[in-house]
Amino acid sequence: MKYALVTGGSRGIGRAVSIKLAQMGYRVIINYVNNTAAAEETLQLIREAGSDGEMLKFDVGNAEQVREAIEGWQAAHADADEYIEVVVNNAGIRRDNLMALMPGEDWFNVINTNLNSFFAVTQPLIAQMQFHKFGRIINMASVSGIMGMQGQTNYSAAKGGIIAATKALAKEVARKNVTVNAIAPGFIKTDMVEGLDEKELKKTIPANRFGQPEEVAALVGFLASPEAGYITGNVISINGGLYT
């Protein structure tokens, strides 16, 4: 049985990624923190895609919760020598504001949820990936982490950190056939872009539209596949030409 963990897997890009990995034959572990109904709906869609999955509730921004959940899963699967061979670090939050007006908690919460979670989730999975000589670590960055976006100093800092961490970790684990890549979406039609002026923002995008979660999921699927084994330490943009 092949296992993949998708953080923030209940909705949006995470849901599309979960379905894509299910179509590739993975049993998908859907991480969520609050919306049980959405996670259950994603699980049903996974089953309709011909695979199966399970729900794993924890807050990626709470290191203790992450450790308990992942170590508990690993202990339950130790006898079968099963491990999580694909992890998609997708969970994230936005708390946009000009930095001069930004409450301190909005800075620290975004950094914790979007960046510190990368360490908390990924670190306990690396050893088994290396032991089995196969692993895929796919991190959801953002165009904000590449070009910077006003009103998103916290978000840009977190996503820029993810990009740097991706490049560094890729060099540490490449010899064990473990790849580490980041995807940097632009504007994708999910809950994360709620409140933004889509009509005006589309004018800044050469493709003249927002992207779809399934387009991001298709890229995740390729990076998770054996065919992408020589691609590591890269940041792949998917933004309709917004920034190249």
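How many bridges join strand β2 to strand β3, and which way do the two strands run? Here are some notes to help you find your way around.

1. First, a caution and then the answer. What you have in front of you is a predicted model. In it, strand β2 (residues 27-32) and strand β3 (residues 53-57) run parallel, with 5 bridges joining them. If you want a spot to look at, try Y32, whose bridge partner in β3 is K57.

2. Now follow the chain between those strands. Leaving β2, the chain passes through helix α2 (residues 36-48) before it gets to β3. This β-α-β crossover is right-handed.

3. Just before β2, have a look at Y26. K2 lies over the face of that ring, 4.2 Å from the ring centre.

4. On to the aromatic residues: there are 2 aromatic pairs in the structure. One of them is Y3 with W73, an edge-to-face pair with 5.0 Å centre to centre and 75 degrees between the planes. Y3 sits in strand β1 (residues 3-6) and W73 in helix α3 (residues 63-77), so the pair links distant parts of the chain, 70 residues apart.

5. Are Y3 and W73 buried or exposed? Y3 has a relative accessible area of 5%, so it counts as buried, the cut-off being under 20%. W73 is buried too, with a relative accessible area of 5%.

6. F187 and F210 also form an aromatic pair, and this one is stacked: 5.3 Å centre to centre, with 15 degrees between the planes. Both partners come from loops, F187 from the one between β6 (178-185) and α7 (198-202), F210 from the one between α7 and α8 (213-224). The pair therefore ties together parts that are 23 residues apart in sequence. Both rings belong to buried residues: F187 is at 13% relative accessibility, and F210 is at 3%.

7. Last, the largest pocket. Which residues are the closest to its centre? They are N90, A91, G92, I93 and M192, out of 43 residues that line this pocket. The space inside comes to about 1,100 Å³.

8. As for which elements help to line the largest pocket, those that give two or more residues are α1 (12-23), β2, α5 (143-147) and α6 (153-173). The most comes from α1, with 3 residues. Note that β2 turns up again here: besides giving residues to the pocket lining, this strand is joined to β3 by the bridges in point 1.

How values were computed
Residues numbered from 1 in each chain as written. Predicted model: local features only at pLDDT ≥ 70, side-chain atom pairs only at ≥ 80, totals over all residues. Heavy atoms only, no water. Phe/Tyr/Trp six-rings, centres within 6.5 Å; stacked < 30°, edge-to-face > 60°. Helix = DSSP H or I, 4+ residues; strand = E, 2+ residues; numbered from the N terminus. Buried < 20%, exposed > 50% of the residue type's maximum accessible area, 1.4 Å probe, protein only. Lys NZ or Arg CZ within 6 Å of the ring centre and 35° of its normal. Pairing = 2+ DSSP bridges. Right-handed = clockwise from strand over helix to strand, strands pointing away. 1 Å grid on protein atoms, 1.4 Å probe; cavity = no way out; pocket = protein on both sides within 12 Å on 5 of 7 lines; lining within 4 Å. Points joined across faces, edges and corners; volume = space filled by probe spheres on them.
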